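Let's take a walk through this one, starting with a run of strands and helices and finishing at a pocket.

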Amino acid sequence: MTTEPRKAVVTGASSGIGAASARALADKGFTVYCAARRVDRIEALAAEIGGVAVPCDVTDEADVRRLAERVGPTLDVLLNNAGGAVGVDEVAHSKAEEWREMYDVNVIGTLNVTRELLPALIASGDGVLINMGSTAGRIAYEGGGGYTAAKHGVAVMTETLRLELLGQPVRVTELAPGMVATEEFGLRRFRGDQSKRDEVYAGVRNPLTADDIANAVAWVATLPPHVNIDLMVLRPRAQATQTKIHRED
Ligand code: 8X3
């Protein structure tokens with residue numbers, strides 16, 4: 001008797017934590033559906049890890065329906081990773097379009113993908129749903145209003161899902177990383193300003209890497225079916241809170 005490989009979907013798989021998580025899940029034997037907007041990147045990643053590239057903008061409901069069709073009737077792991085921060089303005093000077101963009105990708109994107117793939121997760125008999133939150137979903141900080149609001153949204157949606165899915169064969173986890181040194185997250189937040197992005201990590205000896213978060217994803221995804229990790233907060237040793245950071249010269 002042959003067993004079908006287990007399937008995982010990773011959104012935002014074109015770079016950073018998403019790409020690293022796709023690799024980590026493939027290492028654990030999953031066939032990974034790599035979903036993102038940048039086709040060249042997900043095709044290269046899928047070729048590297050023996051996965052499937054699915055072009056998908058998580059804010060586009062038709063794209064997400066196509067993703068669900070591609071995955072088919074069962075799915076073992078869903079990592080809602082697509083998200084990000086745009087801008088560092090104080091609330092008094094914030095632009096609605098930037099807040100909308102953050103709410104759209106972080107919250108509505110997670111909603112769209114979860115809604116379309118939930119039946120397949122349930123049908124697997126042991127689905128694992130992992131939402132990529134952030135320490136920004138647990139605290140407020142100056143200049144982070146739009147992003148913290150969106151990530152608080154992800155945190156509350158994750159808790160709501162755990163309540164609503166009680167009794168169904170689906171585990172629900174929020175991963176909440178703090179300082180992770182990926183290239184694109186900071187560049188997008190600072191609108192392409194490399195020196196501002198680099199300042200965030202200045203003097204911090206070892207910020208977390210995308211692989212650190214990917215290890216956590218792979219661990220959560222391969223625990224025995226009765227073990228649910230509700231929330232995992234991950235920070236580098238050099239970071240006690242969002243604003244209390246140990247920097248060396
Ligand atoms: C990233 C964490 O500190 O930039 O999700 O808000 S922080």
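What follows covers the strands first and then the pocket.

This is a predicted model, so to speak of local features a pLDDT of at least 70 is needed, side-chain atom pairs count only at pLDDT 80 or more, and totals for chains, interfaces and linings use all residues. Residues are numbered from 1 along each chain as its sequence is written, and side-chain values use heavy atoms, with hydrogens and water left out.

Start at strand S2, residues 31-36 (strands are DSSP runs of E, at least two residues; helices are runs of H or I, at least four; both are numbered from the N terminus). Five of the six residues in S2 are buried, meaning under 20% relative accessible area with a 1.4 Å probe, protein chains only. On one side, S2 pairs with S1 (residues 7-11) in the parallel sense over five bridges; strands count as paired if DSSP finds at least two bridges between them. S2 also runs parallel to S3 (residues 52-55), joined by four bridges.

Cys34 is a handy landmark here: Val10 has Cys34 as its bridge partner in S2, and Cys34 stands opposite Ala53 in S3.

Now follow the connections. S1, helix H1 (residues 16-27) and S2 form a right-handed β-α-β unit; with the strands pointing away from you, the path from the first strand over the helix to the second runs clockwise. S2, helix H2 (residues 39-49) and S3 make another right-handed unit.Last, the pocket: Arg205, Asn206, Pro236, Arg237, Ala238, His246 and Glu248 line the second largest one (an open set of 1 Å grid points over the protein atoms alone, where a 1.4 Å probe fits, with protein on both sides within 12 Å along at least five of seven lines; lining residues have an atom within 4 Å of a point).

How values were computed. Buried means under 20% relative accessible area, exposed over 50%, partly exposed in between (1.4 Å probe, protein chains only).
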